[in-house]
Amino acid sequence: MTFNGLGELATALSTIDAAKSCLVRYAAYSAYGTSTWTDDACPYAAVDSEAAKSGHSLKGVVMALVSAPHFTR
């Protein structure tokens, strides 16, 4: 994959499923203060699925995280 500048890099990354999942995972680490999903009450798959409804936009990822039961309890 080749790109020229940050705009093209962002466009390229937005088409890669692994990059989308990575965004959700690291945002969750920050939001929940942990990097271990096994200890979390909120399953990663549910947050990722909710974020996918918005095409994994940053707003969609944040909304999925803060709407999850683990965050609201």
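**Working through a helical model**

Glu50 is partly exposed, with a relative accessible area of 37%; on this scale buried is under 20%, exposed is over 50% and partly exposed lies in between, using a 1.4 Å probe and protein chains only. A quick note on the ground rules: this is a predicted model, where local features need pLDDT of at least 70, side-chain atom pairs count only at pLDDT 80 or more, and totals for chains, interfaces and linings use all residues. Residues are numbered from 1 along each chain as its sequence is written, and side-chain values use heavy atoms, with hydrogens and water left out.

**Exercise 1. Work out which elements make up the protein and what share of its residues is buried.**

Step 1: Go through the DSSP runs, numbered from the N terminus (H or I of at least four residues for helices, E of at least two for strands). You get five helices and zero strands, so the order is simply α-α-α-α-α.

Step 2: Check burial. Of the 73 residues, 21% count as buried.

Step 3: Look at the contacts, meaning heavy atoms within 4.5 Å. Among those between residues at least 6 apart in sequence, 42% join residues at least 24 apart.

**Exercise 2. Find the salt bridges: how many does the structure hold?**

Step 1: Set the criterion, a side-chain nitrogen of Lys or Arg within 4 Å of a carboxyl oxygen of Asp or Glu. Side chains of opposite charge can pair when their charged atoms come close.

Step 2: Count them. There are two.

Step 3: Take Asp17 and Lys20, whose closest N and O atoms are 3.9 Å apart. The two are about one helical turn apart because they sit three residues apart in helix α2 (residues 17–32). Asp17 is exposed, at 58% relative accessible area.

Step 4: Now the other pair, Glu50 and Lys53, whose side chains meet at 3.1 Å, N to O. Lys53 counts as exposed at 65%.

**Exercise 3. Asp48 has no salt bridge; which side chains does its surroundings offer instead?**

Step 1: Place Asp48: helix α3 (residues 44–52).

Step 2: Check for charge partners, with Lys and Arg positive, Asp and Glu negative, and His and the chain ends not counted. Asp48 is buried, and the nearest side chain of opposite charge is Arg25, 8.2 Å away.

Step 3: Try polar contacts, pairs of N or O atoms within 3.5 Å; within protein one must be able to donate a hydrogen and the other to accept it, and residues adjacent in sequence count only if both atoms are side-chain atoms. The side chains of Asp48 and His56 make one at 2.9 Å.

Step 4: Leave aside neighbours within four places in sequence, and Asp48 touches Ser21, Val24 and His56.

Step 5: Turn to His56, in the loop between α3 and α4. His56 is buried as well, at 14%, and with the same four-place exclusion its contacts include Lys20, Leu23 and Val61.

**Exercise 4. Identify which helix gives the most to the nonpolar surface patch.**

Step 1: Patch residues have over 30% relative accessible area and no salt bridge; like charges are joined within 9 Å, nonpolar side chains (Val, Leu, Ile, Met, Phe, Trp, Tyr) within 5 Å.

Step 2: List the members: Leu23, Leu58, Val62, Met63, Val66 and Phe71, together about 490 Å² of accessible area, calculated by the Shrake-Rupley method with a 1.4 Å probe and, for residues, only the protein chains shown as cover.

Step 3: Helix α4 (residues 58–67) wins, with four residues.

Step 4: Check one of them: Val62, in α4, is partly exposed at 38%.
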